[in-house]
Amino acid sequence: MRPLRYAINVTLDGCCHHEAGLPPDEESMRYWTAEMERADALLFGRVTYQMMESAWRRPPTGAWPEWMLDWQIPFAEAIDGAQKYVVSSTLTEPDWNAELLRGDLGQAVERLKQQPGDGLFVGGVTLPLALADLGLIDEYVFVVQPILAGHGPRLLDGLREHIQLELADQQEFRSGVTAMRYRPQE
């Protein structure tokens, strides 16, 4: 069974807004590229899917935009080429290597997990909360930014029951960011 991994940037006070942390640097982009490459497919809600698409979809010209630095291109290529599944009741036709997940969320994600492969990646805020409540997340990766944001969406805010985690790995970056990988205790 493929594991479902949830990974997200989070500030020290639990904020998950995509602009609340440090701007990505080469080291963090290498980390996120490796996370993308560990997954056979990406699972997003509509908001995260559209946000990622607006930033990381290869333009029709085939050339990456001028604002993109050379060290950002491997991440862009990894996310752009990945198979994506989108959970949405309002999006009708995703077209960035994506298809909609229909029906019961738990059953749909269980079917994806049953397929052969190395793993699934989920990002965002709302969808991972629903998946955590269903007990479907096998690994949590929190990339902790050394910032107090003071506002914004909070990490897994509204979780119905606490989930006991055990630290599986930790990596510190020169910027002060710490990536921590946890697995639910059995």
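Buried here means under 20% relative accessible area, and exposed means over 50%. The model in these close-ups is a predicted one.

**View 1. The buried side of helix H2.** Here we're looking at H2, where Thr48, Tyr49, Met52, Glu53 and Trp56 are buried. These five sit on the same side of the helix because they span an arc of only 130 degrees around its axis. Flip to the other side of H2 and you meet Val47 and Ser54, both exposed. As for partners, the buried residues of H2 pack against H1, S2, H3, strand S3 (83-87) and S4.

**View 2. The largest nonpolar core.** This core has 29 residues, and Leu42, Trp56, Ile79 and Phe121 touch the most other members. Several elements chip in at least two residues each, among them helix H1 (26-37), strand S2 (41-45), helix H3 (73-81) and strand S6 (139-145). Zoom in on Leu42: leaving aside neighbours within four places in sequence, its contacts are Met36, Ile79, Ala82, Gln83, Lys84, Tyr85 and Phe121.

**View 3. A second, separate core.** This one counts 27 residues, including Ile8, Leu127, Ile137 and Leu156.

**View 4. Glu139, a buried residue in strand S6.** With a relative accessible area of 4%, Glu139 falls under the 20% cut-off, so Glu139 counts as buried. Its side chain has a polar contact of 2.8 Å with the side chain of Arg181, and another of 3.4 Å with that of Arg38. Not counting residues up to four places away in sequence, Glu139 also touches others, including Leu4, Arg5, Tyr6, Tyr182, Arg183 and Pro184.

How values were computed: Residues numbered from 1 in each chain as written. Predicted model: local features only at pLDDT ≥ 70, side-chain atom pairs only at ≥ 80, totals over all residues. Heavy atoms only, no water. Core = buried A, V, L, I, M, F, W, Y, C linked by side-chain atoms within 4.5 Å. Buried < 20%, exposed > 50% of the residue type's maximum accessible area, 1.4 Å probe, protein only. Helix = DSSP H or I, 4+ residues; strand = E, 2+ residues; numbered from the N terminus. Contact = heavy atoms within 4.5 Å. Arc of directions from axis to C-beta. Polar contact = N/O pair within 3.5 Å; in protein donor to acceptor, adjacent residues only side chain to side chain.
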